[in-house]
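Welcome to this guided tour! Open your viewer, pick a cartoon display, and get ready to select things as we go.

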Amino acid sequence: MRRKYPDIFKEEVIKSYYEDNLGYRLVGKKYGLTRDLVRKWVKRTILKNPDIVKNMGMDNINKEKKKKYERRIEELEMVLAYYKNYNEILLKCCNDEKKGNCAAVRKTNEAGFSIMKLCRISGIARSSYYFYLKKKSEKNKNYEDKNRLKLLQEEVNYTYGSKHASKYMSIKYGKKYNHKKIARLMKEENLQYRIRRKKYPKDYYKIKEKDSINMKNKLNRIFYSDIPFKKMVTDITMFKVCEGWLYLNGIIDLFNGEVVSHAYSLSQGGDYIIEPIKKLIDCYNVSGMMLHSDQGITYRWDKYVKILKENGISQSFSRKGNCWDNAKMESFFSTLKCETIYLHKKNSLLTAVDMKKRIDEYIHFYNNKRIQKKLGYISPVSYRKLIA
């Protein structure tokens, strides 16, 4: 025979279910009832009189369910936002799945979602995500230095290597820059010094014949001087122009490497050989100066030799067929061509006027702005003024 329970008892059981927030099994255990019976009473009560549950703590149950639904909605929104960001990043940036996951997690986290949950959705470890963040911050850390380096190389026409650039930036910005770091940033941003191709001759020329009595090598490869305007080197080089060839005759002071005088000509003959000497004599005291050159016929011309002797300038000559005896001048011509002509080489030739203008601009830059390591990372003119 089925047992009958009074309505008051049933109400008490249902009230306990709602107010104590217990499950069917625990309520049944409390009153000595089965789980199915408690569930039957609760459902029957809700169907017959839905309003009665409001007085029995149903609002608390609804609140909990609401929170549960809100959490679920938030999770779905997070998943949707993550995959939206992931697809955008993968299409725009890269095909690397791991980097795409990390970038999507970072972007979705900015909207306020939990990193732990996002990492679980993306399938990456949190340690991998934080490693990616660290790497990203290190990359951004050098952003300012890269911009400074780019501006510097544009200013000097990509003629500074890592050591010159690091020293210049340290002086300009008041911050110590390591040349190894600058070399790495140059490589990353393709800002390296556009250096000429190196050539390593297998053997140097060995000249065994004795120097002529009248053509002594007084300089003897000692390419430095303690006093300005006491040791000079000179030579001639040429540039291909529309009119044919443009010849440049220059003189360099071995005290600071400054180009003190130069002249141009469209032919080998003429007074352009004497013109730099006249400029030098007019501007400086050249008495007792030594001028070193090769054994070319131009430097043994009677008129040229006479002007030198009249002004107390002694001559020194390189050995025959030995360009290394005048290495300082040869080195300058090589630097001049690499940093002006070869750097801006085009299909069409320049006119003589344009070529002169370009060379004059570079010589002014070389003397006044281009820093040199051996001078303590200052320009030749600055060094002369500092010592003087």
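How many of the 388 residues of the chain, as a percentage, count as buried? The figure is 38%, where buried means under 20% relative accessible area, exposed means over 50%, and partly exposed lies in between (1.4 Å probe, protein chains only).

Before we start, a word on the model. It is predicted, so local features need pLDDT of at least 70 and side-chain atom pairs count only at pLDDT 80 or more, while totals for chains, interfaces and linings use all residues. Residues are numbered from 1 along each chain as its sequence is written, and side-chain values use heavy atoms, with hydrogens and water left out.

**Stop 1: the whole chain**

Colour by secondary structure. The chain has 15 helices and 5 strands; these are DSSP runs numbered from the N terminus, with helices (H or I) of at least four residues and strands (E) of at least two. Among contacts between residues at least 6 apart in sequence, 60% join residues at least 24 apart. Contact here means heavy atoms within 4.5 Å.

**Stop 2: the sheet**

Now select the strands. They form an open sheet of 5 strands in the order S3-S2-S1-S4-S5, with mixed pairing. Two strands pair if DSSP finds at least two bridges between them. Strands S3 (258-265) and S5 (314-317) stand at the edges, each with a single partner strand, so one side of each has no neighbour in the sheet. On average, neighbouring strands of this sheet are turned by 25 degrees against each other, direction ignored. Axes are lines fitted to C-alpha atoms, for helices over the stretch in contact, and angles run from 0 to 180 degrees between N-to-C directions.

A little background helps here: strands of a sheet pair through backbone hydrogen bonds, either parallel or antiparallel.

Select residues 231-241 for S1 and 244-253 for S2: these strands pair in the antiparallel sense over 10 bridges. Show Thr237, and you will find Leu248 of S2 opposite.

Move on to S2 and S3, which pair in the antiparallel sense over 7 bridges. Here Ile252 stands opposite Val259 in S3. The hairpin of S2 and S3 has 4 residues between the strands, and Gly257 takes a positive phi near 75 degrees there.

Is strand S3 buried or exposed? 8 of the 8 residues of S3 are buried, so this strand is largely enclosed by the rest of the structure.

**Stop 3: two helices that pack together**

Select residues 352-368. This is helix H14, which lies across S1, S2 and S3 and runs at about 175 degrees to S3. Next add helix H13 (327-341). H13 and H14 pack at an angle of about 115 degrees, with their axes 11 Å apart. Their crossing is right-handed; that is, the near helix is turned clockwise from the far one by less than a right angle, whereas anticlockwise would be left-handed. Show side chains in the contact, including Phe332 and Leu336 of H13 and Ile359 and Tyr362 of H14.

**Stop 4: the largest nonpolar core**

A nonpolar core is a set of buried Ala, Val, Leu, Ile, Met, Phe, Trp, Tyr and Cys residues joined through side-chain atoms within 4.5 Å. Which residues touch the most other members of the largest one? Of its 37 residues, they are Leu149, Phe332, Leu336 and Ile359. H14 gives the most to this core, with 7 residues.

Centre on Phe332. Leaving aside neighbours within four places in sequence, Phe332 is in contact with Ile252, Val259, Tyr362, Ile363 and Tyr366. You met Ile252 and Val259 earlier, standing opposite each other. Apart from this core lies another, of 21 residues, among them Met232, Tyr247, Leu291 and Phe317.

**Stop 5: three single residues**

Select Arg148 in helix H8. At 17% relative accessibility, Arg148 counts as buried. Beyond neighbours within four places in sequence, Arg148 is in contact with Met169, Tyr173 and Tyr177.

Next, find Val305 in helix H12 (residues 302-310). Val305 is buried too, with a relative accessible area of 18%. Draw a C-alpha to C-alpha distance to Ile274: Val305 and Ile274 are 31 residues apart in sequence and 9.7 Å apart in space.

Finally, go to Tyr284, in the loop between helix H11 (275-283) and strand S4 (290-293). Tyr284 counts as partly exposed, at 25% relative accessibility.
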